[in-house]
Amino acid sequence: MRDIAIRLLRASEIECRVSTINEKGLSLLLFKDARVDQKILDETFSPFGWKRSHQVIDGNLYCTVEIWDKEKEQWIAKQDVGTVSYSEKEKGQASDSFKRACFNWGLGRELYTAPFIWIPAGKADIQKRGKEEQKYYTNDRFSVHSISYNEERVIDSIIIINSRGQTAYSMDTRKNNGTKKISSAKKEMEKATGDMIGTNEMAEFEKELERTEVALDTVLKRYRLQSAAQLTPEIYGKAMKSLKNSKDRTAA
């Protein structure tokens, strides 16, 4: 079982979801659905070499994915909990817990090495919702045109196209000038999104997390972020307000 390698995701198996959006552009997150996990499990272990089960623990839905180890002649299990979905609550939790359990087996873990993906307004059809509201949306759909990984299973190049087939985002660290390209992309993103939170704000944020014992992962999932480095001043303000309204961990 040690010699079995779970393959990396193909471009066609990766989907793009809008994370944040304003008049200057939008950011994207990469994800996969549960059907991709099922497909890769079938390919790697055969349809009869794995199984899943669900159970409720303290009101939370957990999923256990078990793989048959031929050498030990026993099932090896890995488990994780799902988060509440805004729609189809039970189905959403079941799917999320399954994907998380698969992540523990290594399926799709490479997506967490994705760069911050910022699409400027010129490459996305961004519209304002209403005349007074400062809310924006897009009817554009984005897809991964190509992707590659290095020996450490880290994304080293990716091209994302919009609904019109135009390249909306590209990154390639394999070339000699890759560092320069990433630096330019980062400057463009910072210019478009405004200043990210500073060191002092990040320190205050970490103090609140420690005081309330709220997991960083919980906050990131709520705002559909992959790391604290993606916290914008707007999201930071909302997160801090919520944390400050939470009880201290030492409270009875």
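1. A residue is called buried here when its relative accessible area is under 20%, and exposed when that area is over 50%. By that yardstick, buried residues make up 39% of the 252 residues in the protein chain. Please keep in mind as you read that this is a predicted model.

2. Now for the overall layout. The secondary structure of the chain comes to six helices and eleven strands. If we take contacts between residues at least 6 apart in sequence, 53% of them join residues at least 24 apart.

3. A good place to start looking is the open sheet of three strands, ordered β3-β4-β5 and paired antiparallel. Its edge strands are β3 (50-57) and β5 (74-81), each of which pairs on one side only. On average, neighbouring strands in this sheet are turned by 25° against each other, direction ignored. Helix α1 (residues 34-45) packs on the sheet and touches β3 and β4, with a direction at about 135° to that of β3. Between β4 (residues 60-69) and β5 there are eight bridges in the antiparallel sense. If you want a register check, the bridge partner of Cys63 in β5 is Asp80.

4. Helix α1 itself passes a simple geometry test. Its twelve residues, at 1.5 Å a residue, should span 16 Å, and the end C-alpha atoms are indeed 16 Å apart. Which residues of α1 are buried? They are Ala34, Val36, Asp37, Ile40, Leu41, Thr44 and Phe45. These residues cover an arc of only 150° around the axis, which puts them on the same side of α1. As general background, an α-helix has 3.6 residues a turn, so residues three or four places apart point the same way. Just after α1, Ser46 takes a positive phi of about 80°, a spot you may like to inspect on screen.

5. Strand β2 (25-31) deserves its own point. Seven of its seven residues are buried, and both faces are covered. Gly25, Ser27, Leu29 and Phe31 lie on one side, with Leu26, Leu28 and Leu30 on the other. The strand has antiparallel partners: seven bridges join β1 (residues 15-22) to β2, and four bridges join β2 to β6. A hairpin through two residues links β1 to β2, and Asn22 stands opposite Gly25. In the pairing with β6, Leu26 stands opposite Ile119.

6. On to the nonpolar cores. The largest has 39 residues, and those with the most contacts inside it are Leu30 and Ile160. The elements giving two or more residues to this core are β2, α1, β4, α2 (89-104), β6 (117-120), β9 (143-149), β10 (155-161) and β11 (167-172). Helix α1 supplies the largest share, five residues. Apart from this core lies another, of 13 residues, among them Tyr223, Leu225, Tyr236 and Met240. In soluble globular proteins, nonpolar side chains tend to be buried together.

7. Helix α6 (residues 233-244) can be given the length test too: twelve residues at 1.5 Å a residue should span 16 Å, and its end C-alpha atoms are 16 Å apart, which agrees. Its buried residues are Ile235, Tyr236, Ala239, Met240 and Leu243. Seen down the axis of α6, these buried residues fall within an arc of 130°, so they line one face of the helix. Glu234 and Lys241, on the other side of α6, are exposed.

8. Val219 sits in helix α5 (residues 216-222). Is Val219 buried or exposed? Its relative accessibility is 8%, so Val219 counts as buried. Leaving out residues up to four places away in sequence, Val219 touches Phe205, Leu209, Val214 and Ala239. The last of these, Ala239, is one of the buried residues of α6. The C-alpha atoms of Val219 and Ser242, which are 23 residues apart along the chain, are separated by 9.8 Å.

9. Finally, a loop residue. Gly106 lies between α2 and β6. Its relative accessibility is 14%, and it therefore counts as buried. Gly106 and Ile6 are 100 residues apart along the chain, yet their C-alpha atoms are separated by 7.0 Å.

Conventions. Residues are numbered from 1 along each chain as its sequence is written. This is a predicted model: local features need pLDDT of at least 70, side-chain atom pairs count only at pLDDT 80 or more; totals for chains, interfaces and linings use all residues. Side-chain values use heavy atoms; hydrogens and water are left out. Two strands pair if DSSP finds at least two bridges between them. Axes are lines fitted to C-alpha atoms, for helices over the stretch in contact, and angles run from 0 to 180 degrees between N-to-C directions. Contact means heavy atoms within 4.5 Å. A nonpolar core is a set of buried Ala, Val, Leu, Ile, Met, Phe, Trp, Tyr and Cys residues joined through side-chain atoms within 4.5 Å. Buried means under 20% relative accessible area, exposed over 50%, partly exposed in between (1.4 Å probe, protein chains only). The expected span of a helix is 1.5 Å times one less than its number of residues. The arc is that of the directions from the helix axis to the C-beta atoms.
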